[in-house]
Amino acid sequence: MKWFYSAFLAGAAALTLLGCGKEPTNTDQSEAKQQHFEWKLVTSWPKNFPGLGRGPETFAKMVEEMSGGRLKVKVYGAGELVPGFEVFDAVSSGTAQMGHAGSYYWKGKAPAAQIFTAIPFGMNVTETNSWLHYGGGLALWREVYKPFGVIPFAGGNTGVQMAGWFKKEIHSIDDFKGLKIRMPGLGAEVLKKVGAIPVALTGGEIFTALQTGAIDATEWVGPYNDLAFGLHKAADYYYYSGWHEPGAMLEFTVNEQAFNSLPADLQSIVEVATRAVNQDMLDEYTARNNEAMAALRDKHGIKVLPLPEDVMLALRAASLDVLQEQAAQDAQFAKVYASYAKFQQQVSAYHELSEMEYYKNRQAK
């Protein structure tokens with residue numbers, strides 16, 4: 001892989017300089033190669049946690065290898081340098097040059113930030129990646145973060161998540177009334193709409209809260225991460241599908257001043273490494289979720305159940321209401337959501353003929 005990165009990045013760096021109207025000289029290249037940088041990367045996840053926590057570690061390793069050690073990135077888990085919910089502020093202030101988290105954690109700073117993680121009943125991972133990189137989504141994301149001096153990059157995706165762990169069975173939408181459930185982002189607003197009480201917790205706090213009864217239910221990610229946290233030891237019912245996060249997009253954030261201080265080739269290395277991790281994380285989740293789900297069912301005897309159809313219909317109706325309300329309250333949210341919704345409509349029409357038709361035929365007996 002190293003030869004591929006080297007070849008790609010050499011061309012990318014040259015194109016970057018030419019695109020700026022400056023042809024690289026031997027002196028420019030020599031001076032750039034003499035510069036060394038050391039960055040801090042803070043995350044919202046436990047250190048080296050499967051999937052979420054390994055993504056930043058993979059990024060740091062790639063960057064150091066591709067740069068020949070000219071850019072070294074030290075990764076800090078949640079709470080090691082800053083708390084998990086303070087990653088954005090740390091990057092914005094320059095306390096750390098980079099962060100890795102979920103954009104919906106910053107809805108208090110910019111309501112539109114929630115859209116870039118996931119929209120309930122919205123696009124899946126493939127569709128979201130396409131919107132970001134070829135449908136104008138990434139440009140809008142950077143517009144939202146610009147006032148904070150932060151540059152976002154897509155930073156991995158878990159794929160479709162599970163609906164969560166519950167201490168009691170769900171028979172109707174009325175079972176959500178008064179239910180204390182850990183869920184962030186727009187999904188939390190939908191739960192409020194149907195009478196639940198959403199609770200904001202970082203990953204490291206979830207098990208204890210569920211075990212002690214501080215919460216009645218929780219969503220986290222999916223089998224791979226949920227098994228690692230031992231959530232099956234604190235709740236008996238595991239529900240699908242993840243209506244709230246059909247493709248949870250994570251983010252790498254970079255302090256704008258720190259990024260602009262890098263030579264062009266190192267900037268390209270950062271960009272390419274984020275794209276590589278964005279795909280690698282999805283590949284890992286796709287493989288590991290299969291194994292973990294089998295273990296939960298066969299080894300631990302967990303009941304894996306679908307949310308009732310009427311519950312899903314009620315959640316979908318509430319989701320549409322929440323999105324309309326959010327758009328009415330915030331012009332920036334409305335702008336980003338309009339782009340997202342248009343792209344979803346177009347890609348859904350095509351996927352009706354391609355992906356969905358294929359799945360139907362693949363399962364035919």
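**How the terms apply: strands, helices and cores**

Colleague: What makes S3 and S10 a pair?
Modeller: S3 and S10 are joined by 4 bridges and run antiparallel. Two strands pair if DSSP finds at least two bridges between them, so 4 bridges are enough. One of these contacts links Ala 101 to its bridge partner in S10, Glu 251. This is a predicted model, where local features need pLDDT of at least 70 and side-chain atom pairs count only at pLDDT 80 or more, while totals for chains, interfaces and linings use all residues. Residues are numbered from 1 along each chain as its sequence is written, and side-chain values use heavy atoms, with hydrogens and water left out.

Colleague: How do you know that S1 pairs with S3, and what joins S1 to S2?
Modeller: S1 and S3 run parallel with 3 bridges; Leu 41 has Met 98 as its bridge partner in S3. S1 (residues 37-43) and S2 are also parallel, over 6 bridges, and Trp 39 has Val 73 as its bridge partner in S2. Both counts meet the rule of at least two bridges, so S1 pairs with S3 and with S2.

Colleague: Why are S2 and S4 called edge strands?
Modeller: The open sheet has 5 strands in the order S2-S1-S3-S10-S4, with mixed pairing. S2 (71-76) and S4 (150-157) each pair on one side only. Neighbouring strands of this sheet are turned by 25° against each other on average, direction ignored.

Colleague: What makes S6 and S8 a pair in the other sheet?
Modeller: That open sheet has 6 strands, ordered S7-S6-S8-S5-S9-S11, with mixed pairing. S6 (residues 180-182) and S8 (residues 217-218) run parallel with 2 bridges, which satisfies "at least two", so they pair. Arg 182 has Thr 218 as its bridge partner in S8.

Colleague: What is the direction of H3 relative to S2?
Modeller: H3 (residues 54-66) lies across S1, S2, S3 and S10 and runs at about 165° to S2. Angles under 35 degrees count as roughly parallel, over 145 as roughly antiparallel, 65 to 115 as roughly perpendicular and the rest as oblique, so H3 is roughly antiparallel to S2. H11 (residues 264-299) touches S1, S2, S3, S4 and S10, and its direction makes about 30° with that of S4.

Colleague: Why is H13 called roughly parallel to H14?
Modeller: H13 (residues 331-353) and H14 (residues 355-363) pack at about 30°, with their axes 3 Å apart. The angle falls in the lowest class, so H13 is roughly parallel to H14. Their contact (heavy atoms within 4.5 Å) is made by His 351, Glu 352 and Leu 353 of H13 and Glu 355, Met 356 and Glu 357 of H14.

Colleague: How do you know that both faces of S3 are covered?
Modeller: Met 98 and His 100 on one side, and Gly 99 and Ala 101 on the other, are all buried. Buried means under 20% relative accessible area, exposed over 50%, partly exposed in between (1.4 Å probe, protein chains only).

Colleague: Which residues of the largest nonpolar core touch the most other members?
Modeller: A nonpolar core is a set of buried Ala, Val, Leu, Ile, Met, Phe, Trp, Tyr and Cys residues joined through side-chain atoms within 4.5 Å. Of the 82 residues in the largest one, Trp 131, Phe 166, Phe 176, Leu 191, Trp 220, Trp 243 and Leu 307 touch the most other members. H12 (residues 309-329) gives the most to this core, with 6 residues. A second, separate core of 24 residues includes Phe 37, Val 63, Leu 71 and Leu 262.

Technical notes
Axes fitted to C-alpha atoms, helices over the stretch in contact; angles between N-to-C directions.
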